[in-house]
Amino acid sequence: MTGSLLTLNAGSSSIKVALFDAAGDGDAAALPSARWSGQADGLGAGLKARLRVRDAQGQTLHDTPLEGAQASHQGALAALLDWHAKQSAGGRIAAVGHRIVHGGADFVAPVRIDAGVLEALARLEPLAPLHQPHNLAGVRAAMAAFDGVPQVACFDTAFHAAQPEVNRRFALPRALHDAGVRRYGFHGLSYESIVAQFAGIAPGLAQRRVIVAHLGNGASMCAIAQGRSVATTMTFSPLDGLTMGTRCGHIDAAVVLYLMRSRGMSADEVEALLFRQSGLLGISGVSSDMRVLEASAEPAAAEAIGHFAEQVVQHMGSLAAALRGVDAIVFTGGIGENGTALRERILEDCEWLGVNVDAAANRGKGAARLTTAESPVSAWVLRTDEEAVIARHTARVLRAAA
């Protein structure tokens, strides 16, 4: 296979694009490296949207604000594709790999996209309204931009498909489970990335009991044993689990009934409330962005940060129970990778698990390990690379079809 692999990863407030060599070994244990990567962030979040493209060494190739229509997911994607098209060394695109948040019960492995697959994935949009529409918009845009080029869907839910059945069921009638009302789990591509990277730096530890905290505007945690998902905080949709930027996280289902029956809210109004008006934004009344909250003097901002940290600590205990113990904790995601003060706060509150935080290491740059050498449970920080996982999956799908 010659040419390049392009990856598209549309999140709730960002779009990431990366270019990889298609000739790499799709079966290699190590993740491939991108020739360049681009990110548009601040989309639809009331922030100043911006597009940045960097080469493999981190040098800036393109940096521009996104205004007006470009500050939307579709507009940012168009701007990224337009920048790529103008590059003389861009080369032929051999395939495009896409992050698809929800694969439902049927899609448990990467698959080449055709009209039938696209239609089936569109039916899952109500389960992930902040993500799935953007994911599929990226697929359609790539199909239009690269006519006839293979498109491959890589699913956030697939990593969790092999969880023990007891951790995939709700206590609902079996017919509903069989119809697809079950715990799916998300952020799977990020967790795959961390599993691969952690195996490279601590191979023995990576095969033991690990909790990964993917903390960002969307946030979840996962209990992993021998590189496989055992339990995770997100369940039927990306709404459940931890407090997030604008999502409420875990909530008593009776609250929804109350809002509809006693407050007269429609289903659409409840969806908007739970997905777009809650979380850090709802508690603080200031922002959904952790950086803004940390810089704010508003008491409600501090309350939102404390709520987020407490939820992480409580779920840490729950996932440790699912693993029957824990040997390592790994932080990733925008907040997990960059929120040094928040990480230290969480780790100090996890001392009962056997965590002895090394404050200097936690605050240092480039330090992967955050705990002392004597700490019974070690903690680490790794930068997730979902795009590399997508590229590897895409190459494997194309080789299998060759």
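In this predicted model, strand 9 and strand 10, the latter covering residues 220-225, form an antiparallel pair held by six bridges. The connection between strand 9 and strand 10 is a hairpin with five residues in the joining segment. Within this pair, Val210 lies opposite Ile224 of strand 10.

Strand 9 itself comprises residues 209-214 and is mostly covered, with five of its six residues buried. Besides its pairing with strand 10, strand 9 is joined to strand 12 (residues 328-332) by five bridges, and here the two strands run parallel. Val212 has Val330 as its bridge partner in strand 12. Strand 9 therefore has an antiparallel partner in strand 10 and a parallel partner in strand 12, where pairing requires at least two bridges. In a regular strand, side chains point alternately to the two faces of the sheet.

A further hairpin is formed by strand 4 and strand 5, with four residues between the strands. Strand 4 spans residues 50-55 and strand 5 spans residues 60-65; the two run antiparallel and are connected by five bridges. Val53 has His62 of strand 5 as its bridge partner. In this hairpin, Gly58 adopts a positive phi near 90°.

The three strand pairings described above are set out below.

| Strand pair | Sense | Bridges | Residue pair |
|---|---|---|---|
| Strand 9 and strand 10 | antiparallel | six bridges | Val210 and Ile224 |
| Strand 9 and strand 12 | parallel | five bridges | Val212 and Val330 |
| Strand 4 and strand 5 | antiparallel | five bridges | Val53 and His62 |

Turning to the chain as a whole, its secondary structure consists of 15 helices and 13 strands. The radius of gyration is 21 Å, close to the 21 Å that the globule rule gives for 402 residues, so the chain is as compact as a globular protein of that length. The C-alpha trace spans about 55 × 55 × 45 Å along its principal axes.

Of the 402 residues in the chain, 53% are buried. When contacts between residues at least 6 apart in sequence are considered, 65% of them join residues at least 24 apart. The chain exposes about 17,500 Å², and carbon and sulfur atoms supply 52% of this area.

With regard to charge, the chain carries 35 positive and 38 negative side chains. The centres of the positive and negative sets lie 3 Å apart.

How values were computed: Residues numbered from 1 in each chain as written. Predicted model: local features only at pLDDT ≥ 70, side-chain atom pairs only at ≥ 80, totals over all residues. Heavy atoms only, no water. Buried < 20%, exposed > 50% of the residue type's maximum accessible area, 1.4 Å probe, protein only. Rg over C-alpha atoms; globule rule 2.2 N^0.38 Å. Contact = heavy atoms within 4.5 Å. Areas by Shrake-Rupley, 256 points an atom, 1.4 Å probe, with all protein chains shown as cover. Lys, Arg positive; Asp, Glu negative; His and termini not counted. Charge placed at Lys NZ, Arg CZ, Asp CG, Glu CD.
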